[in-house]
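Colleague: I am new to reading protein models, and I would love some help with this one. Could we go through it together, one question at a time?

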Amino acid sequence: MSRYTSQELMEMEHRYGAHNYHPLEVVISKAEGIWVEDPEGRRYIDMLSAYSAVNQGHRHPKIIKALKDQADLLTLTSRAFFNDRWPVFAKRLSEVTGKEMILPMNTGAEAVETAIKTMRKWGYLAKGVEKDKAEIIVFSENFHGRTTTIISFSVDPDAQENYGPFTPGFVVVPYDDVEAVERAVNKNTVGILVEPIQGEAGVVVPKEGFLKGLERIAKKNNVLLAVDEIQTGFCRTGKTFAFQHEGIDPDIIIMGKALGGGVFPVSAVAADKKILGVFQPGTHGSTFGGNPLGCAVALAAIDVLMEEKLADKAAELGAYFMEGIRKINSPKIKLVRGKGLLIGVVLNETAGKARIYTTALKEKGLLCKETHNWIIRFAPPLVITKEEIDLALGKIKEVLG
Ligand SMILES: *Cc1c(COP(=O)(O)O)cnc(C)c1O
């Protein structure tokens, strides 16, 4: 039990913590599966899953066991030495992604940075692009993380304001517009960086054929296609990776979030040897990347996803959930979109701000988060049951109906 009340904790955070977030007014001090609990013992269904980092559910016993067992043996070596977990994790993730090599990092942004460096280095070494001329095509409304280079190509004013000067070498084109990509490609283009579904933008699902179009352009122009699967990956959308819905074979797969099983930050980039092989000792790295604790957790996190067939579950329950929200048939709801258990509910302007509803849902014991002012995202842990979705639908109907 926590020694402070929710009110005290929120005031303490407001006073001592930097205000770079605007959390819903709920304090979580305990969790299991899809359920979280506050210090006063109130229980809530988690419908955000830490932005899809908790796909396996909170404190999955198998993942917690892996964490504890590994903590008793070895936690950190740095890459100055070999350890006995990283090679096993690399082999497993290579099998899961179908790519020959893995580069391990910790957070999602670091994995995106790694992919950017990979594309640039490959561009200079393999494609022969002139020094410092490499260009990467990215998309409007993108979200790839918070580092200075990554926010250099954000179109969100809040993400950029007062953080300049920005890193050059990125060309922003409209999302879901293959022709715009075709027009933007030139001899200096080394890569295309894309989210298969834009989560932060409000669960924006591109038209079928978009990713296939990108793959075609990339192949034709000798450009690398990098998919950011940090939020969509690891079964969230009903397949292990969202790009599999279109049956494409991207050159670079960027992973994070659920790879850490909701307990530890683990991220990685996967690609074939002709691409990741551009790195030589000393040219890139991370003290914690490939640490034994993270690798043991990630191995268990992957096992849980596969053993419990969470991709199939997300596909089936996602369709059921989305249908259930549509059936509420509320004048407040403009449209419901998504794939698997990554669902965005777009509100009509007349409904007022999404925050009103996420606050009301919290009062009813359901936690979710608005993105922008008019979209609510529902993304529960994939271990949720049909009965629990019915329970959630009842609450959503009370608030949005
Ligand atoms: C969360 C996210 C990131 C950044 O991951 P961090 O671990 O927060 O750095 C990058 N890309 C996408 C698509 C994400 O959803």
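What follows is a friendly chat about this predicted model.

Colleague: Where do the bounds of domain 1 and domain 2 fall?
Modeller: Good place to start! Domain 1 is written as two stretches of the chain, 6-56 and 309-400. Domain 2 is a single stretch, and its bounds are 61-307.

Colleague: How many residues does each domain bring to the contact?
Modeller: The C-alpha centres of domain 1 and domain 2 lie 26 Å apart. To count as in contact, heavy atoms must be within 4.5 Å. By that cut-off, domain 1 brings 29 residues and domain 2 brings 29 residues.

Colleague: Which three residues of domain 1 supply the most buried area against domain 2?
Modeller: Together the two domains bury about 2,200 Å², with 55% of it on carbon and sulfur atoms. On the side of domain 1, one trio gives 29% of the buried area, more than any other three residues. Those three are Gln 56, Lys 339 and Leu 342.

Colleague: How many residue pairs are in polar contact across the interface of domain 1 and domain 2?
Modeller: Let's look first at which elements of domain 1 face domain 2: α2, α12, β11, β12 and β15 each supply at least two residues there. By class, that side of domain 1 has 16 nonpolar, nine polar and four charged residues. Across the interface there is one salt bridge. The residue pairs in polar contact number 19.

Colleague: What is the distance between the closest N and O atoms of Arg 377 and Glu 200?
Modeller: These two residues form a salt bridge. The cut-off for such a pair is 4 Å. The closest N and O atoms of Arg 377 and Glu 200 are 2.8 Å apart.

Colleague: Which residue has a side-chain N or O atom 2.7 Å from a nitrogen atom of the ligand?
Modeller: The ligand's surroundings include Thr 107, Phe 143, His 144 and Gln 231. An oxygen atom of the ligand lies 2.8 Å from a backbone N or O atom of Ala 109, and an oxygen atom of the ligand is 2.6 Å from a side-chain N or O atom of Lys 257. For the nitrogen atom at 2.7 Å, the partner is the side chain of Asp 228.

Colleague: Which helix holds both Glu 95 and Lys 91?
Modeller: The model has 17 salt bridges by the rule used. In one of them, the side chains of Glu 95 and Lys 91 meet at 3.1 Å, N to O. The two residues are four apart, about one turn of the helix, and that helix is α4.

Colleague: Which residue follows Gly 164 across a cis peptide bond?
Modeller: The omega angle of this bond is near 0°. The residue in question sits in the loop between α7 and β6. Its name is Pro 165.

Colleague: What is the value of phi for Ser 78?
Modeller: Ser 78 belongs to the loop between α3 and α4. Its phi is positive, in a residue other than glycine, and the value is near 65°.

Terms used: Residues are numbered from 1 along each chain as its sequence is written. This is a predicted model: local features need pLDDT of at least 70, side-chain atom pairs count only at pLDDT 80 or more; totals for chains, interfaces and linings use all residues. Side-chain values use heavy atoms; hydrogens and water are left out. Domain bounds come from an automatic or database domain assignment. Buried area is the accessible area (1.4 Å probe) that two parts lose on being put together, summed over both. A polar contact is a pair of N or O atoms within 3.5 Å; within protein, one must be able to donate a hydrogen and the other to accept it, and residues adjacent in sequence count only if both atoms are side-chain atoms. Ala, Val, Leu, Ile, Met, Phe, Trp, Tyr, Cys and Pro count as nonpolar, Asp, Glu, Lys and Arg as charged, and the others, Gly among them, as polar. A residue is near a molecule or strand if one of its heavy atoms lies within 4 Å of it.
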